[in-house]
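Hi everyone, thanks for coming. I'd like to walk you through one structure today, with a look at charged pairs, aromatic rings, pockets and one core residue. Here it is on the screen.

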Amino acid sequence: MSISTAAGVFDAVAAGPPDGRPVLLLHGFPQTGLAWRRQIAALASEGYRVVAPDQRGYSPGVRPERAEDYRIGALVADVVAITDELGWPTFDLVGHDWGGAVAWWTAVGHPGRVRTLTVVSTPHPGALAEALRSDDDQRARSQYMRDWRDAPATEHRMLADDARLLRSLYGDRIPRASIDAYVRHLTRPGALTGALNWYRSGRPDGEIGAVEVPTLYVWSTGDTAFGPGPARETARWVDGPYRFEILPDLGHWIPEEAPETLNRLLLDHLRAHGGRNQRAPLTVDETGRH
């Protein structure tokens, strides 16, 4: 499906009954909304209305050239605009990687809109900021964020030799067909620069506070990007009901590495805070998708 906003047109996958309880899924780098395909199917089969957009820079209809147009405020505004266009006054929000960062900021800034929050891999931005100041392990893990600000050299390195470096980022736990789809998407003109501009946009405007909505945070011990320090410190940044799940021996790509486990945790969280939807036939709309 396509979602028109003042910023442009977002491509998205939608599934589930139109009148089902709404859930928005936000992907990270370097993926698209298809990273959530197993969660989309599971949620839709339980009667939820699920939408997974390709975010700013990933959707060709919303791909500004300036790095400053990817600041966190603009990314949060996209979430609000998308859900406004969908007619969702409240919704459950789920994010992974960069999508997780946007989800944290959205839940803090718009608690009246977000019914529940689920974040996969990414610690609360406040906990991460503290770790970057005091945790040598996390500073080393996050060095790539600084390295990728170099443009256009980063794009050239990632796409050289049939995108060998870009492909290596996914490791060996994501299906080859999915990797091929992500690489095909990101090798289109301007797509990888749009995605990397998330890293180049500069620091957020202002500081983030604590989350008040019911929150599920799922982290894996084998995550190379986010260490145990900020993961455990995230609890101090949630004032509402909080559940922290640690998945052993998994990497960074939990939605695709352990879909059944994540689906169970996500459904349990949604049912605990707002009830269970009636089961409904699965419907999928991929109009205008790549």
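Let me begin with Asp205, which is exposed because its relative accessibility is 62%. Before I go on, please keep in mind that this is a predicted model. So, who is the partner of Asp205 in a salt bridge? The partner is Arg71, and the closest N and O atoms of the two are 2.7 Å apart. Arg71 sits in the loop between β4 (49-53) and α2, while Asp205 sits in the loop between α9 and β7 (215-220), so this pair ties together parts 134 residues apart in sequence. Arg71 counts as partly exposed, because its relative accessibility is 24%.

Across the whole structure, the search turns up 20 salt bridges. I picked out two others for you. In one of them, Asp92 pairs with Arg115, and here the closest N and O atoms are 3.1 Å apart. Asp92 belongs to strand β5 (residues 91-96) and Arg115 to strand β6 (residues 114-120), so the salt bridge ties together parts that are 23 residues apart in sequence. Is Asp92 buried or exposed? Asp92 is buried, at 0% relative accessibility. Arg115, at 28%, counts as partly exposed.

Now for a pair within one helix. Asp137 and Arg141 form a salt bridge with their closest N and O atoms 2.7 Å apart. Both residues are in helix α5 (residues 136-141), and they are four residues apart, about one turn of the helix. Each counts as partly exposed: Asp137 has a relative accessibility of 34%, and Arg141 has 23%. Going back to Asp92 and Arg115 for a moment, salt bridges with shared partners join these two and Arg21 into one network.

Let's turn to the aromatic rings. The count comes to 14 aromatic pairs. One of them is Tyr170 with Tyr182, a stacked pair at 5.6 Å centre to centre, with 25 degrees between the planes. The planes count as stacked because the angle is under 30 degrees. Tyr170 is in the loop between α7 (153-168) and α8 (176-186), and Tyr182 is in helix α8, twelve residues apart. Both rings belong to buried residues: Tyr170 has 0% relative accessibility, and Tyr182 has a relative accessible area of 1%.

The other pair I'd like to show is Tyr217 with Phe244, also stacked, with 5.3 Å between the centres and 10 degrees between the planes. Where do Tyr217 and Phe244 lie? Tyr217 is in strand β7 and Phe244 in strand β8 (residues 242-247), so the pair ties together parts 27 residues apart in sequence. Tyr217 is buried at 0% relative accessibility, whereas Phe244 is partly exposed at 24%. There is also an aromatic cluster, made up of Phe29, Tyr58, Trp98, Tyr144, Trp148, Trp198 and Tyr199.

On to the pockets. The largest pocket holds about 1100 Å³ of space. Its lining consists of 35 residues, and those nearest the centre are Leu128, Ala129, Leu132, Arg203 and Pro204. The elements that contribute two or more residues to this lining are α2 (72-86), α3 (98-109), α4 (125-134), α6 (143-147) and α9 (191-200). Which element gives the most? That would be α4, with seven residues. By residue type, the lining divides into 19 nonpolar, six polar and ten charged.

The second largest pocket has a volume of about 390 Å³. Here 21 residues form the lining, with Leu169, Thr224, Ala225, His252 and Trp253 nearest the centre. They divide into nine nonpolar, six polar and six charged.

Let me finish with Leu262, in helix α12 (residues 259-272). Leu262 is buried, because its relative accessible area is 1%, under the 20% cut-off. What does Leu262 touch, leaving aside residues up to four places away in sequence? The contacts are Trp36, Gln39, Val120, Val218, Ile254 and Pro255. One last distance, for scale: the C-alpha atoms of Leu262 and Tyr70 are separated by 29 Å, and the two residues are 192 apart along the chain.

Thanks for listening, and I'm happy to go back to any of these views.

How values were computed
Residues are numbered from 1 along each chain as its sequence is written. This is a predicted model: local features need pLDDT of at least 70, side-chain atom pairs count only at pLDDT 80 or more; totals for chains, interfaces and linings use all residues. Side-chain values use heavy atoms; hydrogens and water are left out. Buried means under 20% relative accessible area, exposed over 50%, partly exposed in between (1.4 Å probe, protein chains only). Contact means heavy atoms within 4.5 Å. On a 1 Å grid over the protein atoms alone, a cavity is a set of points where a 1.4 Å probe fits but cannot get out, and a pocket is an open set with protein on both sides within 12 Å along at least five of seven lines; lining residues have an atom within 4 Å of a point. Grid points are joined across faces, edges and corners, and a volume is the space filled by probe spheres set on the points. Ala, Val, Leu, Ile, Met, Phe, Trp, Tyr, Cys and Pro count as nonpolar, Asp, Glu, Lys and Arg as charged, and the others, Gly among them, as polar. A salt bridge is a side-chain nitrogen of Lys or Arg within 4 Å of a carboxyl oxygen of Asp or Glu. Rings of Phe, Tyr and Trp (its six-membered ring) pair if their centres lie within 6.5 Å; planes under 30 degrees apart count as stacked, over 60 as edge-to-face and the rest as tilted.
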